[in-house]
Amino acid sequence: MPALPDAEALASWRRDGYLVWPRFAAPGAVAALRQRALAIVDAYVPDEKAAVFSSRDRDRARLGEAALIESASQVRCFFEEEALDPDGRLVVDKARAINKIGHALHDRDPVFDRFSRDARLAALAAELGVVEPLLMQSMLIFKQPRIGGEVVWHQDASFLATKPQTVVGFWFALEDATRDNGCLWVAPGGHRGPLRERYGRGADGALAMEQLDDTPWPSGKATVPLEVEAGTMVVFDGLLPHASAPNRSERSRMAYTLHVVDGRAAWWPGNWLQRDQDDPPRGFGYER
Ligand SMILES: O=C(O)CCC(=O)C(=O)O
């Protein structure tokens, strides 16, 4: 039986809506993911679909829709907003220009596939009540030095909607994350609040953010920073509000995230992420 987080961490999951598992990934595994991410960026040749990712843009309007849709089943790079000038020319080195790689690393890249299908993640998902896990989305977030973009307060269920809500986010620090370089912030217990918004295809067919509830985002004493060492895993309930500040420091803050839903729940047909019938999402095993 693979190891599970300790009782205190599991109690924090129930109480706070998240848990922290220090030293989940060994330094060698973390270095392998970092190296692989840098190799993907090195091989990336920007094309006419080159897209910027900014979480401040509520409707993701600058995020080329074609690039986003394709990334549901592919590996694509998205630029930092501040890496391009108004004419779309790179103003920093390509290696320092990427905001994230998404969203099917776990299915298309052997290194991320292996890491994402660790038996401990399968055991933990089962412990957290995910009965038929489906690995829906993965991202390598760079949080580049100086220009690493803010991730505004959000709930993951807004972007990966199921009925009932089942999404669980697994977040892995690939470098030390501190307040200085844009660590995560969470609102403990905030998962008991409502889903505030939902991103997807509206009645007019366009992808946009829809407001569902006007409960304000947490602030001040309701929020805590999660300063963690490389190798730490943080697991979030899909309703837990979380965010990260811009990185104005000289150090990057790379992280890998994996989002899992329960296949027993209904996948919202309006979700931006849709997989073809002949390429469905898979679980933690290697069955096809
Ligand atoms: O790594 C970050 O800064 C944000 C990640 C996040 O919001 C997520 O994985 O849902």
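Reader: Where in the chain is P164 placed?
Author: P164 sits in the loop that connects β7 (162-163) with β8, and I should say at once that this is a predicted model.

Reader: What makes the bond between K163 and P164 a cis peptide bond?
Author: The omega angle of the bond joining K163 and P164 is about -5°, and the bond is cis. A second cis peptide bond leads from G102 to H103, where omega is near -5°, and H103 belongs to strand β4.

Reader: Why is N99 called buried?
Author: N99, another residue of strand β4, has 28 C-beta neighbours inside 10 Å, and the cut-off for a buried residue is 20 or more, so N99 counts as buried. As for its position relative to G88, the two residues are 11 apart along the chain, and their C-alpha atoms are separated by 15 Å.

Reader: How do you know that β4 and β5 belong together?
Author: Strand β4 (residues 98-103) is joined to β5 by 4 bridges, and the two strands run antiparallel; since DSSP must find at least two bridges for strands to pair, the 4 bridges found here meet that condition. Within this pairing, G102 stands opposite M139 of β5. Strand β5 is also joined to β15, again antiparallel, by 8 bridges, and P133 has D262 in β15 as its bridge partner.

Reader: What makes β5 a mostly covered strand?
Author: Of the 9 residues of strand β5 (residues 133-141), 9 are buried.

Reader: Why is K143 singled out, and is K143 buried or exposed?
Author: K143 has phi near 45°, which is a positive value in a residue other than glycine, and K143 is placed in the loop between β5 and β6. With 28 other C-beta atoms within 10 Å, set against the cut-off of 20 or more, K143 is therefore buried.

Reader: And R23, is it buried or exposed?
Author: R23 has 11 other C-beta atoms within 10 Å, and a residue with 12 or fewer is called exposed, so R23 is exposed. R23 also has a positive phi, about 55°, although it is not a glycine, and R23 is found in the loop between β1 (18-21) and α2 (27-43).

Reader: Why does G193 count as partly exposed?
Author: G193 has 18 C-beta neighbours inside 10 Å, a count that lies between the limits of 12 or fewer for exposed and 20 or more for buried, and therefore G193 counts as partly exposed. G193 lies in the loop between β9 and β10 (197-201), and, leaving aside its neighbours within four places in sequence, G193 is in contact with T215 and L239. From D109, by contrast, G193 is 84 residues away in sequence and 36 Å away in space, C-alpha to C-alpha.

Reader: What puts the buried residues of α6 on the same side of that helix?
Author: In helix α6 (residues 119-127), the residues L121, L124 and A125 are buried. They cover an arc of only 100° around the axis, and so they fall on the same side of α6. The face turned away from this buried side carries A119 and E127, which are exposed. The buried residues of α6 pack against β5, β8, β13 (233-237) and β15, and just after the helix G129 takes a positive phi of about 100°.

Reader: Which strands make up the open sheet, and why are β6 and β12 its edges?
Author: The open sheet has 4 strands in the order β6-β14-β9-β12, with antiparallel pairing. Strands β6 (151-154) and β12 (224-226) each have a single partner strand, so one side of each is left without a neighbour in the sheet, and they stand at the edges. Neighbouring strands of the sheet are turned by 25° against each other on average, direction ignored. Strand β9 (residues 184-186) pairs with β12 over 3 bridges in the antiparallel sense, and L184 has L226 in β12 as its bridge partner.

Reader: Which residues are around the ligand, and which strands each supply at least two of them?
Author: The residues around the ligand are I141, V151, D156, G169, W171, L184, H242, S244, A255 and T257. The strands that each supply at least two residues of this shell are β8 (168-173), β14 (242-244) and β15 (255-262). By class, the shell has 5 nonpolar, 4 polar and 1 charged residues.

Methods. Residues numbered from 1 in each chain as written. Predicted model: local features only at pLDDT ≥ 70, side-chain atom pairs only at ≥ 80, totals over all residues. Near = placed C-beta within 6 Å. Nonpolar A, V, L, I, M, F, W, Y, C, P; charged D, E, K, R; others polar. Axes fitted to C-alpha atoms, helices over the stretch in contact; angles between N-to-C directions. Arc of directions from axis to C-beta. Contact = placed C-beta atoms within 7 Å.
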